[in-house]
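Please open the model in your viewer and keep the selection tool at hand, since this tour goes from one selection to the next and says what is to be found at each stop.

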Amino acid sequence: MEDGTSDIVAWVSSNVLPFEAELRGWLRNVLNDAHEVDDLVQDIYCRMLNLSSVAHIGEPRAYLYQVARSLIINRLRRRAIVRIDTVQNMDEVAGFDAGPSPEQVTVARAELKWVLGLIANLPERCKEVFRLRKVYGLSQAETAKALSVSENVVEKETMRGLSLISETVARVGIADYAAVRKAKAKRAG
């Protein structure tokens, strides 16, 4: 297997497969035909695995549903006869919101708040380097220039930040971090 292909397979496995059960349920409602659902899911994976790159995909779930809608519409166009119940369900195809669910948004916001809290507890220079590199996506050279330090310092502070965050997660765990942070705030305040 080519290196790019194995990267795409790994990406599909980690970013698309988690939504397969949800997708199948939605397709069953739209298509009303279990065999057609299986065929369509296979076509979706085939199309995604044949991509030359996945770098342009920011929201895997939304992209998955867009591919599904596109394939459904193409199939219906090729048919001479379309079942009436399929046509009735086309509103669902056109109107499906592939954005994150309210629960996913809530979890993502909580995770972001948690990560920002971990970063806020880093030593000052480490925190600045870490923010520029990991939050704002600056290169090592850009970060060094912005902070007027050497690239070696940027590399060491980035590794130090990752190490400190990893230690915190290992020590208190993800679920307990918020409680530890509140306790620290009470003692300080």
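Begin by selecting Leu112, Leu116, Val135 and Tyr136, which make a nonpolar surface patch of about 410 Å². A patch here is made of residues with over 30% relative accessible area and no salt bridge, where like charges are joined within 9 Å and nonpolar side chains (Val, Leu, Ile, Met, Phe, Trp, Tyr) within 5 Å; the accessible areas come from the Shrake-Rupley method with a 1.4 Å probe, and for residues only the protein chains shown count as cover.

Before going on, note that this is a predicted model, in which local features need pLDDT of at least 70 and side-chain atom pairs count only at pLDDT 80 or more, while totals for chains, interfaces and linings use all residues. Residues are numbered from 1 along each chain as its sequence is written, and side-chain values use heavy atoms, with hydrogens and water left out.

Within the patch, pick valine 135, which is found in helix H8 (helices are DSSP runs of H or I with at least four residues, strands are runs of E with at least two, and both are numbered from the N terminus). Valine 135 is partly exposed at 43% relative accessible area, where buried means under 20%, exposed over 50%, and partly exposed in between, with a 1.4 Å probe and protein chains only.

Stay in helix H8 and select glutamate 128 and arginine 131, which form a salt bridge whose closest N and O atoms are 3.5 Å apart. A salt bridge is a side-chain nitrogen of Lys or Arg within 4 Å of a carboxyl oxygen of Asp or Glu, and by this rule the count comes to seven. Glutamate 128 and arginine 131 are three residues apart in helix H8 (residues 124–135), so about one helical turn separates them.

Now move to helix H2 and select arginine 24 with glutamate 20, whose side chains meet in a salt bridge (2.8 Å, N to O). Because arginine 24 and glutamate 20 are four residues apart in helix H2 (residues 20–31), they too are separated by about one helical turn.

Next, select arginine 61 and glutamate 22, which form a salt bridge with the closest N and O atoms 2.5 Å apart. Arginine 61 lies in helix H4 (residues 60–78) and glutamate 22 in helix H2, so this pair ties together parts that are 39 residues apart in sequence. Is arginine 61 buried or exposed? Arginine 61 is buried, at 11% relative accessible area, whereas glutamate 22, at 34%, is partly exposed.

Finally, colour the chain by pLDDT, the predictor's confidence in each residue from 0 to 100: among the elements of the protein chain, helix H5 (residues 84–88) has the lowest mean, 49, and helix H9 (residues 140–147) the highest, 93.
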